[in-house]
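Colleague: Please put the model up on the screen, and let us go through it side chain by side chain before we talk about confidence.

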Amino acid sequence: MSVALDPSAVKVYTVNGEASGSSSSLPDWLTRKREAKGKGKRVIREQVEGTIELIQHFDFPEASNKVKTTRDGHHAIATGTYKPQIKVWDLDQLSLKFERHTDAENVDFVMLSDDWTKSIHLQNDRSVELHTQGGFHYRTRIPRFGRALAYHFPSCDALFAASGPEIYRLNLDQGRFLNPLVLQGEGGEDIAGVNTIDINPAHQLFGFGVEGNGTVEFWDPRSRSRVGILRLPRDRLMPINSLSVPALPGIDDGARPPPLSVTAISSRPDGLSYAIGTSTGHTLLYDIRSARHLAIKDQGYGLPVKNVTWIEGGSRMAGEGYVLSADKKVIKIWNRNSPEVNFTSITPANDINDVHHIPGSGLLLLANEGIKMTSYFIPQLGPAPKWCSFLENLTEEMEDQTTRTAYQDYKFIDRTELAKLGLDHLIGTPALKPYMHGYFVSLELYDAARVIANPYAYAEHRERMVQEKMEKMAETRIRSRKDAGVKVNKALAEKLKKEEERARKREERRAKKAKQPQGDAENAMEVDEQEEAGTAGEKPTLLSDPRFAAVFQDPEFEVDENTREYALLNPSAVAQRQNREVGRGRTKTAVEEEEEESDKSSSDPLSESGSESEDSKSGSESEDSDDAGKLWQDNIRVRMAARTSLRKQPRPPQRREPKVRLVPLHAQNETSTRGVDKNATFGQRRSQLGSKGKERASSAQDASIRHTADGGIEMTFVPRTTSSGHDYDDEAPPGRAAQKKGKEAKRKGVETFGAGMERGGEEPEREMSEAERKGRTKRRQGMRSGSKNTFRRM
């Protein structure tokens, strides 16, 4: 017994004959010769355990033509060749009852009684034979070669379809031929023949499938006349490229479409539904009350449909309304409501001649072109018949078993592995069976070649198994939770942990800056830290996320730091590793050392004045430094050692002079009487301006200066129109310094409103200098921009 290999499909068990899809290229006589020879123990054991013969001697010497069962369900009758013969099997005993030989090959037969005792046979030599329990009873002939046979029980008429428009009638009660039924067709055209006959069991209506014109004629047996004609949709069934055949000049006068024939008809016991098979491989379902088909099914091979059967009385899984359609290659069972989906599809090993479904069960009997006839059992289609109820238990036991495939004792290897084993010289010999992109080699030969190619294969396998077992035992040990689950990419895991630590510290610093310096600031900060710690523990990270667990556990995801792609994506890490391997770090050049010294000397005053601001922004600088480390990584220990060695060398004393001179944004006025050093820094000038409180007294009331955290200065003031602008200028004349602190006198015609806003009056005239009237015509002297490093520290 064998079963379909697809586990998701409907289970189809082969209980007789060859399994589906196991066709052999060997001829049948060679198969019989091999079976007659002595078999080994293994072959005999597989033959007994892996196969089952439901019905003994269920075969013919060459091929089988037709197979049917009696109405009482106790016997099966089949016809075959060669020599032409009839066989009867007793199903209760699962064995052959008897066989009879005939003079001609059988075309079709019908059982006249409920058992096997009476039957009528149509032969391929135009003869009709009647058989009884004692054997051959009577023989007669019909005028034309017969194609189909049917029997009308109420009138005892045997109907014979032949190669012509006539349907011959033989009355078995009277023992004589009656007038034949002559089919007229649609317009009186000639009919090449009738392929099939169907008699509806409900109302006894005759249905004749006509050859050539694609019609089905329905006749009433009482009036012996046609009561209707069914025309099949030729445009839907015929291929598009075959609708118009080009005419041959001088032979055909016009295009002649290929013929469309009806090859199978089956009526449902309800009396309304018909299933019709055509020569193009289509099956159509009709309701007798409508000329439009309800469903259409394509077999897919384009071969004539040989059998169409309504499956009734199946199990609850199959239900009612299933249809079986079969051509020479494939059997398809499908639901009439959804013909596009197959319930199951069976492709036998040999060409199909006839299919018979045992009513009320899931057993199918096939007559084919092979020696052994085939039987299929489908549990989901229906239960097993009473005479083989043990099939239910066998199929339940086989659910958990695996079937032996055709290449179970073979190993599939590709050409590369074949060359490694040293077996490439066997290509083209029977030892290698080509398949897809490789070869099937015998398992014994593969094992021997592998041992020869690698004698230490077993030792390596044993060592690998021991290592796996040791790793599995090591997983049960108690380990620190920190490194749990990190087997590969430890550098990446360490980097992620450092980034998480930096992010946590950054959040803490931001929380500290947001808090006001109050009495209970410490308690509130502790509460916030606890809340942040709780939220941080709940937030999933790359290390704790189970979706990325394989990155740190599976060796397949290990990052190879020696590849070119890794060097392109991480240039700084590669440079750092190379410096570490060489044993020396990167030192600064002489130009960089000189620039750094100059930056330090020029920024000394600023560092003294802005010490408080630097302390306040230490947190933000540490954040920037963390981020900057990602852009440039260097060996700090090597750099510190190199810098110390340079400092130990004796150097002549150098005078630290500022290289950067910060001057006001406005050029110096040469005519100014105020003595200001051009070389003074911005901090020195600011201190000088701050010491003269008398000059800034009037502006101190309206201005407010505040130092920001990043070292800048914010100044707010109220604009005044009464002042000439010299109070805010460093170049103010000394006469204006002795001006009174009080409120200035109100000018005539000027109205004051708001915060120092005025309206009316005229702007006092002021004498403009030559530079102010014409604008600057040359580059400023004694000014230069500061160093970038100096501005970074401001």
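Colleague: Is Glu217 buried or exposed?

Modeller: Glu217 counts as buried, at 0% relative accessibility; buried means under 20% relative accessible area, exposed means over 50%, and partly exposed lies in between, with a 1.4 Å probe and protein chains only. Bear in mind that this is a predicted model, in which local features need pLDDT of at least 70 and side-chain atom pairs count only at pLDDT 80 or more, while totals for chains, interfaces and linings use all residues. Residues are numbered from 1 along each chain as its sequence is written, and side-chain values use heavy atoms, with hydrogens and water left out.

Colleague: Which residue forms a salt bridge with Glu217?

Modeller: Arg226 does, with 3.7 Å between the closest N and O atoms; a salt bridge here is a side-chain nitrogen of Lys or Arg within 4 Å of a carboxyl oxygen of Asp or Glu. Arg226 is partly exposed, at 36% relative accessibility, whereas Glu217 is buried.

Colleague: How many salt bridges does that rule give?

Modeller: The count comes to 21. One of them joins the side chains of Glu53 and Lys372, at 3.9 Å from N to O, and this pair links distant parts of the chain, 319 residues apart, with Glu53 in the loop between α2 (41-50) and β3 (63-69) and Lys372 in the loop between β28 (363-368) and β29 (374-377). The helices (H or I, at least four residues) and strands (E, at least two) are DSSP runs, numbered from the N terminus. Both ends of the bridge are partly exposed, Glu53 at 33% and Lys372 at 31% relative accessibility.

Colleague: And which residues are linked in a network of salt bridges?

Modeller: Asp59, Lys87 and Glu99 are. Within that network, Lys87 and Glu99 have their closest N and O atoms 3.7 Å apart, Lys87 being in strand β5 (residues 85-90) and Glu99 in strand β6 (residues 95-101). Lys87 is buried, at 6% relative accessibility, while Glu99 is partly exposed, at 38%.

Colleague: Changing topic, which residues have the most contacts inside the largest nonpolar core?

Modeller: Those are Leu54, Ile55, Trp89, Leu363, Met373 and Trp387, in a core of 22 residues; a nonpolar core is a set of buried Ala, Val, Leu, Ile, Met, Phe, Trp, Tyr and Cys residues joined through side-chain atoms within 4.5 Å. Strand β28 gives the most to this core, with three residues. In soluble globular proteins, nonpolar side chains tend to be buried together.

Colleague: What is Leu54 in contact with?

Modeller: With its neighbours within four places in sequence left aside, its contacts (heavy atoms within 4.5 Å) include Val15, Leu363, Trp387 and Phe390. Another core, of 17 residues, lies apart from the largest one, and among its members are Val12, Phe343, Leu366 and Ile378.

Colleague: Last topic, then: which elements have the lowest and the highest mean pLDDT?

Modeller: Helix α15 (residues 618-631) has the lowest, at 43, and strand β8 (residues 119-123) the highest, at 95, where pLDDT is the predictor's confidence in each residue, from 0 to 100. Over residues 533-537 the pLDDT is below 50, and this stretch has zero contacts beyond near neighbours in sequence; residues 696-703 are also below 50, but have 13 such contacts in the model. The protein averages a pLDDT of 75, with 63% of the residues scoring at least 70.
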